[in-house]
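Biologist: Please take one part of this model and look at it closely. Start at the surface, then work through to how the part sits against its neighbours.

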Amino acid sequence: MRLTNTSERYGLISILLHWTVALLTIGLFILGLWMVDLGYYDDWYYQAPWWHKGLGFIVFLLVVLRWLWRPVAGKPAAIKSIPVWQHLTAKAAHQLMNIAIVMLAITGYLIVTAKGQSLGIFDWFNIPAITRLTVQTSDLVSKLHLWSAYFIIALASLHALAALKHHFINKDATLRRMLNL
């Protein structure tokens with residue numbers, strides 16, 4: 001398997017970036033929904049946010065890496081049997097998901113640093129706060145964070161359904177070339 005993309009399929013690096021971002025994003029969504037209901041005396045009260053912040057930062061870095069990798073690796077040619085509007089819709093969906101992940105990273109950072117505290121990433125390093133937020137602004141940022149997460153999951157679900165439709169109904173190479181089958 002090649003590291004870079006070919007005109008026919010995605011290479012190992014693109015595939016690993018795609019699926020790692022996808023799986024971590026789904027995991028972070030589930031973890032985020034679960035952790036907000038934890039009580040102070042729950043064993044995971046401090047561990048869940050620690051994992052959520054660290055993994056969220058990694059997903060952000062992976063999305064940036066994908067943006068940098070794409071011009072280097074190239075992109076497989078469009079599948080000719082797929083209408084142009086579907087190619088454009090898929091491209092828009094990918095970019096919207098990536099932008100929403102960046103939005104999640106920014107809003108997550110603002111939530112954590114709202115009171116002037118730094119954002120710790122896996123006890124490796126801290127990202128200092130650049131501002132303090134009022135309670136009202138912090139509440140608004142928290143809502144943006146939550147709705148961005150719902151938006152990503154909804155868009156990713158449509159993306160997955162479209163890939164399955166292409167695989168099982170259209171029987172084209174859309175899904176196979178991202179799985180390298």
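**Helix α4 and its surroundings**

Modeller: Lys 115 counts as exposed, because its relative accessibility is 65% and the cut-off for exposed is over 50%. The model is predicted, so read every value here as computed from that prediction. Lys 115 sits in the loop between α3 and β1. Take Ser 81 as a partner for scale. The two residues are 34 apart in sequence. In space, their C-alpha atoms are 53 Å apart. Set beside that the C-alpha trace of the protein, which spans about 55 × 30 × 30 Å along its principal axes.

Now the overall plan. The protein has five helices and two strands. Along the sequence they run α-α-α-β-β-α-α. There are 181 residues, and 33% of them count as buried. Buried here means under 20% relative accessible area.

Go on to the strands. β1 covers residues 119–121 and β2 covers 125–127. Asp 123 lies in the loop between them. Its phi is near 60 degrees, a positive value in a residue that is not glycine. At 69% relative accessibility, Asp 123 is therefore exposed.

The next loop joins β2 to α4, and Pro 128 has its place there. Pro 128 has a relative accessible area of 54%, so it too counts as exposed. From Pro 128 to Leu 158 is 30 residues in sequence. The C-alpha to C-alpha distance between these two is 37 Å.

Leu 158 brings us to the surface patch. Which residues make the nonpolar surface patch? They are Leu 158, Leu 161, Leu 164, Phe 168 and Ile 169. Together they give a nonpolar patch of about 560 Å². Phe 168 is worth a separate look. It is found in helix α4, which runs over residues 135–170. Phe 168 has 53% relative accessibility, so it counts as exposed.

Then α4 ends, and the chain enters another loop. Lys 171 lies in this loop, between α4 and α5, the latter at residues 176–179. Lys 171 has a positive phi of about 55 degrees, although it is not a glycine. Is Lys 171 buried or exposed? It counts as exposed, because its relative accessibility is 59%.

That leaves the packing of α4. Two packed helices are described by the angle between their axes and the distance between the axes. Take α3 as the starting partner. Helix α3 covers residues 84–112. It packs with α4 at an angle of about 155 degrees. The two axes are 9 Å apart. Angles over 145 degrees count as roughly antiparallel, and α3 and α4 are therefore roughly antiparallel to each other. Their crossing is left-handed.

Turn to α1, residues 12–35. What is the angle between α1 and α4? It is about 135 degrees, and the axes lie 11 Å apart. That angle falls outside the parallel, antiparallel and perpendicular ranges, so it belongs with the rest, which count as oblique. Hence α1 and α4 are oblique to each other. Again the handedness is left: α1 passes α4 in a left-handed crossing.

One residue away from α4 completes the tour. Ile 58 has its place in helix α2, residues 47–73. At 25% relative accessibility it counts as partly exposed, because that value lies between the cut-offs of 20% and 50%. Ile 58 and Gly 27 are 31 residues apart in sequence. Their C-alpha atoms are 13 Å apart in space.

To pull it together for α4: this helix carries Phe 168, which belongs to the nonpolar patch. It packs with α3 at about 155 degrees and with α1 at about 135 degrees.

Note on methods: Residues numbered from 1 in each chain as written. Predicted model: local features only at pLDDT ≥ 70, side-chain atom pairs only at ≥ 80, totals over all residues. Heavy atoms only, no water. Patch = residues over 30% accessible without salt bridge, like charges linked within 9 Å, V, L, I, M, F, W, Y side chains within 5 Å. Areas by Shrake-Rupley, 256 points an atom, 1.4 Å probe, with all protein chains shown as cover. Salt bridge = Lys/Arg side-chain N within 4 Å of Asp/Glu carboxyl O. Helix = DSSP H or I, 4+ residues; strand = E, 2+ residues; numbered from the N terminus. Buried < 20%, exposed > 50% of the residue type's maximum accessible area, 1.4 Å probe, protein only. Axes fitted to C-alpha atoms, helices over the stretch in contact; angles between N-to-C directions. Parallel < 35°, antiparallel > 145°, perpendicular 65-115°, else oblique. Left-handed = near helix turned anticlockwise from the far one by under 90°.
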